[in-house]
Amino acid sequence: VQLQASGGGLVQAGGSLRLSCAASGTIVSINAMRWYRQAPGKERELVATITSGGDPNYADSVKGRFTISRDNATNTVYLQMNRLEPEDTAVYYCNARIRVRLWREANDYWGQGTLVTVSS
């Protein structure tokens, strides 16, 4: 299984970006999908989670600005980021809990990370 993230880039404060992360390979089911971020010199933090049923949850720092969504038909999770701030600058990682065999428990898989830079 692979997670391929895309959509990062350089944007001015107040702008928007949309991140995508597609899971591929032998997939039986995908449980929760998440976006994390890691800023320089800081620990990785959870940004947003979406359950298999589509229920979202957000870190307080991004509530009202970011929207997580998923397309179960294509095994893709999105992160729409609006009103970006310089403090949002980080490498963003997608994560998914994926079952690859019916007789095995689901495991966590990670994307490669995509850099988001917000200039002031």
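Me: Lys and Arg count as positive and Asp and Glu as negative, while His and the chain ends are left uncounted; how many positive and negative side chains does the chain have, and how far apart do the centres of the two sets lie?

Reply: There are 13 positive and 10 negative side chains, and the centres of the two sets lie 6 Å apart, the place of a charge being taken as NZ of Lys, CZ of Arg, CG of Asp or CD of Glu. This is a predicted model, in which local features need pLDDT of at least 70 and side-chain atom pairs count only at pLDDT 80 or more, whereas totals for chains, interfaces and linings use all residues. Residues are numbered from 1 along each chain as its sequence is written, and side-chain values use heavy atoms, with hydrogens and water left out.

Me: Why is serine 20 called buried?

Reply: Buried means under 20% relative accessible area, exposed means over 50%, and partly exposed lies in between (1.4 Å probe, protein chains only); serine 20 has 18% and is therefore buried. Serine 20 sits in strand S3, a strand being a DSSP run of E with at least two residues, numbered from the N terminus. Leaving aside neighbours within four places in sequence, serine 20 is in contact (heavy atoms within 4.5 Å) with Gln4, Ala5, Ser6, Trp35, Val77 and Tyr78.

Me: What makes asparagine 75 partly exposed?

Reply: Its relative accessible area is 23%, so asparagine 75 counts as partly exposed. Asparagine 75 lies in the loop between S7 and S8 and has a positive phi of about 55 degrees although it is not a glycine.

Me: How do you know that the chain is as compact as a globular protein of its length?

Reply: The radius of gyration, taken over C-alpha atoms, is set against a globule rule of 2.2 Å times the number of residues to the power 0.38. For 120 residues the rule gives 14 Å and the chain has 14 Å, so the chain is as compact as a globular protein of that length. The chain has zero helices and eleven strands.

Me: What makes a set of residues a nonpolar core, and which residues have the most contacts inside the largest one?

Reply: The name applies to a set of buried Ala, Val, Leu, Ile, Met, Phe, Trp, Tyr and Cys residues joined through side-chain atoms within 4.5 Å. The largest such core has 31 residues, with Trp35, Leu79, Met81 and Tyr92 having the most contacts inside it. S9 gives the most to this core, with five residues. Beyond its neighbours within four places in sequence, leucine 79 is in contact with residues including Trp35, Val47, Phe66, Ile68 and Tyr92.

Methods:
Helices (H or I, at least four residues) and strands (E, at least two) are DSSP runs, numbered from the N terminus. Lys and Arg count as positive and Asp and Glu as negative; His and the chain ends are not counted.
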